[in-house]
There are 2 protein chains.
Amino acid sequence: MRKHIFNAGPCKLSDSCLENTAKAVIELNNSGQSILEVSHRSKDFQAVIDEATALFKECLNIPENYHVLFLGGGASTQFAMIPFNFLKKKAVYVNTGTWSSKAIKEAQLFGEVEVIASSEDKKHTYYPKGFKIPADADYLHITSNNTIRGTEIFEDLDSPIPVIADMSSDIMSRPVDVSKYVMIYGGAQKNMGPSGATFVIIQDEFMKTAIKDRVIPTMLKYDTHVDSGSMYNTPPCINIFALNETLKWVKAQGGVEAMEKLAIERAGLLYSEFDRNSLFKSPVEPGSRSRMNIPFVWTEGNDGLQDAFLKFAADRNIVGLKGHRSVGGFRASTYNASTIEDVNVLVKCMQDFEAENK
Amino acid sequence: MRKHIFNAGPCKLSDSCLENTAKAVIELNNSGQSILEVSHRSKDFQAVIDEATALFKECLNIPENYHVLFLGGGASTQFAMIPFNFLKKKAVYVNTGTWSSKAIKEAQLFGEVEVIASSEDKKHTYYPKGFKIPADADYLHITSNNTIRGTEIFEDLDSPIPVIADMSSDIMSRPVDVSKYVMIYGGAQKNMGPSGATFVIIQDEFMKTAIKDRVIPTMLKYDTHVDSGSMYNTPPCINIFALNETLKWVKAQGGVEAMEKLAIERAGLLYSEFDRNSLFKSPVEPGSRSRMNIPFVWTEGNDGLQDAFLKFAADRNIVGLKGHRSVGGFRASTYNASTIEDVNVLVKCMQDFEAENK
């Protein structure tokens, strides 16, 4: 029995991704080899990574002068690679929660970091807007969607300096004007596929501004991976295979425009229910509410029901609702593969729970 | 039709690994979720990584004071992490080919490197023996098996200084006295499972000698990963799942002792055939010949037959024989999951080819 999966990542993936990946684990195409066995230098695997690159470029309308990389190491490795390569004097960061803070911490190892906007004053329950971006910094770094707190920025910022965005949890959920960024990156394990692969979109001109006179390990230089087509070392083959299956599925569904429409509908169903339901509310300010990660908390006086609600949901085959261990409460992560039906089951569950506990 | 796979890595894996991984891609246990979807913080995944850790410790008889890590980033990331963390003044390296050279290059970024032994004088066709290890270096680094050149050391060295070994391509192919090393690491994509995961065995006492006053990114510090049980960031879940299936299979076959027996038998069949066959020979000196990667070249005057032999082998469902692009010739990689039957098919192929081309 397939569950209604609201995991924050790894998360629900499309049936076609699961079915085609399972088949390829037994045999890739008619190669007589598993995707786990085939050489990364083979035509069969090259076709997979080439297709993934082309689909990603097509779906996100990535301009010609950008490189696409699929790497290992996670977004956490990128947190360090970015300042290692590009922080010459000063970088500016927007602090919107746990992941921004981690990115800031790594940047501080390499140079001056100015936090030009922060939502820390209100426990990261909103996304700062209208902040001024100084012209004298090497780059601006933002986390476009905050998986833990459930805030999101839906705007591609105008900036006098290069913009870098961690889009781990909202990539492919809306059209993005890639030309407004010099780099977009993230862990694949939400809208791009399973864990174990990291995507990087990097502008060629920006890449060439990387610091030359700093000691940087080969694996942490962007040109290492650009020059070798993401194959400087053995890539995470099955992860890239499943990522490609995810991109194929997105395209077949109508691309990021269709994903955005669905995301708005799914999130709307949940936020409307919070408005209606006397037990639950959103801790996030309207206007900053994520479509991907939707935290909810008890209305006053009801917080003794935590375990009861999780059990009530589990009995309805709903999994992944527990809030991140750092904030508590609940969180429904509704990534691209989440269906309206999944969300309707959750809404009904909240309604039934309210009826039984009013 | 399943091929006879002699790929250098990714490489042939056991049928049970492929079958169980394919099943888990559809559904992990009875969780109602795929291994691609399940949270890395779930009990289901924790059980996978715990079992893999326990099996690895059991099979290799890893002492209590060692940590086992499963990370992303590949052995190439370890090439930099090792000197980043442990090269205080001087490290000594043995240069046995391409991968050693890459490790040396990274170490040179961080301090003095002395190459105390090298097989470069004879194009890496032997493994240096009886070299003197100085007592005044921070550590000795060796590559125990050379995937490209096909040389291997079967001895766990006595050393006055800590020994670190890249065992990417021979791990789990023989019993190892882990206590003679402070660290053993490698990419998983040979004897440990598919690409996308990296194993690290590190002695606790050695880990604690890591440099404290150097700027090291969080992801490149060993204690980051030890403290978080390999889950500082989202791990490559399916890769660790398949790695665990591989370890389960090794144990069921009789462990590393059984793997060594098989490796000796497989390699013996091929090296004997080179002695007999008038067309092929081993370029590697006896005593240094790898059991895992078995390169072979034409005897004099026969090298016009390269493409003909590859086609002849392909017609017999044999894949992966082409030598590494940097050295040419042929290479049969016979890792743990290679069967005697696979090798017999290859031997017969060489005999038939000789009969047709004498």
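How many bridges join E11(A) to strand E12 of chain A? In this predicted model, strand E12 spans residues 293–298 of chain A, and two bridges join E11(A) to this strand, the two running antiparallel. Within E11 and E12, A:Lys281 stands opposite A:Val297 of E12(A). The sheet to which these strands belong is open and consists of three strands of chain A in the order E11-E12-E14, with antiparallel pairing. Strand E11 (280–281) and strand E14 (330–333) of chain A each have a single partner strand and stand at the edges, so one side of each lacks a neighbour in the sheet. H8(A) packs on this sheet, where E11, E12 and E14 of chain A are touched by the helix. The direction of H8(A) makes about 15° with that of E12(A).

Helix H8 (residues 255–276) of chain A also packs with helix H7 (residues 237–253) of chain A, at an angle of about 80° and with the axes 6 Å apart. Angles of 65 to 115 degrees count as roughly perpendicular, and H7(A) and H8(A) are therefore roughly perpendicular to each other. On the H7(A) side the contact involves A:Val250, A:Lys251 and A:Gln253, which meet A:Gly255, A:Ala258 and A:Met259 in H8(A). By class, the residues of this contact comprise three nonpolar, two polar and one charged.

The contact between chain A and chain B takes 53 residues from chain A and 53 residues from chain B. On the side of chain A that touches chain B, at least two residues each are supplied by helix H1 (15–26), helix H3 (74–86) and H7 of chain A. The residues of that side divide into 25 nonpolar, 23 polar and five charged.

Definitions and conventions:
Residues are numbered from 1 along each chain as its sequence is written. Chains are lettered from A and ligands numbered from 1 in the order in which they are written. This is a predicted model: local features need pLDDT of at least 70, side-chain atom pairs count only at pLDDT 80 or more; totals for chains, interfaces and linings use all residues. Axes are lines fitted to C-alpha atoms, for helices over the stretch in contact, and angles run from 0 to 180 degrees between N-to-C directions. Helices (H or I, at least four residues) and strands (E, at least two) are DSSP runs, numbered from the N terminus. Angles under 35 degrees count as roughly parallel, over 145 as roughly antiparallel, 65 to 115 as roughly perpendicular and the rest as oblique. Two residues are in contact if their C-beta atoms, placed from the backbone, lie within 7 Å. Ala, Val, Leu, Ile, Met, Phe, Trp, Tyr, Cys and Pro count as nonpolar, Asp, Glu, Lys and Arg as charged, and the others, Gly among them, as polar. Two strands pair if DSSP finds at least two bridges between them.
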